[in-house]
Amino acid sequence: MAGSSTTLQTAYFGSYVPLLAIIVVGVLLVFAMFGGNALLRPSHATPEKLLTYECGVDPVGEGWAQTHVRYYVYAYLYVVFAVDAVFLFPWATVFAGLGWVSVAEMGVFIGFIAVGLVYAWRKGVLTWT
Amino acid sequence: MNWPGKGLAKGLAVTFRQMTRRSVTAHYPDALPELPPRTRGVIALIEENCTSCMLCARECPAWCIYIDSHKDVIPATTEGGKDKTRNVLDRFAIDFSLCMYCSICVEACPFDALHWSPEFEYAELDIRELTHEKDRLRDWMWTVPAPVALDPGAEEAKEIGVAEKAAERAAAAQRVVEPVETTTGDLDKLDQPKEGDT
Amino acid sequence: MSETLETVLRLAGVLVAFLLVPLLVGQVEHKAMAHMQGRVGPMYAGAFHGWAQLVADGVKFVQKEDVVPAAADRMVFKIAPAVALVPYLVAMLVIPIGPGLVGQDLDVGLFFVIAVMGVGVVGSLMGGWSSANKFSLLGGIRVAAQLMAYELPFVLAAASVAMAAGTLSLTGIVEAWNPWWLLWQAIAAVVFFVSGLAEVQRPPFDMPVADAEIVFGPYTEYGGLRFALFILAEYAGIVVLSALTAVLFLGGWRGPFEDQLGWLWTLLKTMAVAFVVIWVRVAYPRLREDQLQRLAWQGLVPLALLQLAITAVGAVMTA
């Protein structure tokens, strides 16, 4: 690690090579499984078999339907908090050395969002209607 | 005492305790089940008792009993007598893929031709094989257990009462007949029993 | 060259673990759940107490017909099981089981694992959407709804550990681990485990698959090998979740004789957590989706935030 920036980079990205390799291995594994499956399986497709399952009767209407999305408020809350959580991680590794000031700053940051959560809670958006 | 999570802990405790106990599984193919008497496994037929009266087939809610029969003529035994007819069973089949094991046919049979057998291992790969013809139904008869003993103090079966009355009547008739014989033959003996003994 | 060989060996080790440990967990589930319900579970495959039941299942699945419903979005339908499965293989790569015994130690390992586990959910979503089936669609929507609930407490609980250890490397976290973390990080451990259960869609949070109400949710239309891949993904998910819980909160390979038997400690702790996953499945009924939302947003998130505060104070005081 004590070398020039190029060796540092190769060492850094080098640790991601096995990662790419394991993804390739995973994809190959899936292909191998389906290869074996293709050699062994029967194939007797009938229109009835390929029909959408609906408890045994012929399907009514389309499979894709409109539904009432009841949790989009959660989705908003989630997006807000998830972005916050991403900021939390790099801070988490260094904050102990920075001391109370850093903790207070993060406390204010999370506090704002927590107040938002409390507000949403009080407003009743956390109850499923 | 109530504390938060008590119900959750209780759920875990119950399942864990159950895990440490012996399971209640019946190891069926390895250990045969102990079936209760009068188990409804398969219906057996005594062909000899059947008069093709069709009562069972008509009572069957699932219409799963098939009976074919024809009439045989028995020529008159006496001169100028009338010829008699007799039902002969050609086919008796029960389709066990339709049967719902309601036991109505067994109850309905007036001649005790149908019986329950506890045998239940007659699964087939082809549904048509589940229609048991009369030979097969007759064979099941060998597996029918003897009737279960009555409970202590239970009312006796009607047949026994009828048979006993018949036997008593027969015995009484004999007693009526016997004195007549003795009075005509050995009237003196009644007066002198000691002589008769020696 | 030897470095390449070592990498290959590590990858092979991860692959073997990926193919074996989920089956082990599945078998434990078969038997433990059966006995918790007064049954005996599989008894025949492999002659001794059905130990080879899942191998037999695999042999069966690989011979089954590959049915793609006529109405389905073929391409998406076909690759969904792979999308659900492969991320767990990738996640296993970075989870250490002993000092130096890790597929690849990443210095952002914790972040990476959480990110990759999130990808697996996309597989379920794809399956739910592409099946063109009402049950599948409902299941897919439930998957999405569930994601809103568990992901945040999951991430916050993990962040708490990162704060305590001062590193994102999973190996570094285990090295920084102290037995008193069991107390210090107790809330985070519970939050992490509960939201992890929701992540891998295990009872009592199996609303997306809920076989009794929406048949099998996103997997309704799946059969044969593709279905098997989804199920394998579920069990791989349990393994990853249990291993992560063991590594983050239970000290991974730390224990007596950790230099020699470290890997055994990790494995034992992982299996213990996996057993709890199974145990919880038997003990509790399924929640409703909105109950999970309430549990997460009014219970787990505030608890996780509280834990963050506790961790921050503790870490600065001891620093």
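**Chains A and C: a guided look**

Visitor: Which residue of chain A meets the side chain of Asp66(C) in a salt bridge?

Guide: Welcome! This is a predicted model, in which local features need pLDDT of at least 70, side-chain atom pairs count only at pLDDT 80 or more, and totals for chains, interfaces and linings use all residues. Residues are numbered from 1 along each chain as its sequence is written, chains are lettered from A, and side-chain values use heavy atoms, without hydrogens and water. A salt bridge needs a side-chain nitrogen of Lys or Arg within 4 Å of a carboxyl oxygen of Asp or Glu. At 3.6 Å, N to O, the partner of Asp66(C) is Arg41(A).

Visitor: How many salt bridges does the rule find across the interface of chain A and chain C?

Guide: Happy to say! The pair Asp66(C) and Arg41(A) is a salt bridge. Across the interface of these chains, the rule finds three.

Visitor: Which helices of chain A give two or more residues to the side that touches chain C?

Guide: Helices here are DSSP runs (H or I, at least four residues), numbered from the N terminus. The elements that qualify are H2 (17–40), H3 (72–98) and H4 (100–123).

Visitor: How much area do chain A and chain C bury between them?

Guide: Buried area is the accessible area (1.4 Å probe) lost by two parts on being put together, summed over both. Carbon and sulfur atoms carry 79% of it here. The total is about 6000 Å².
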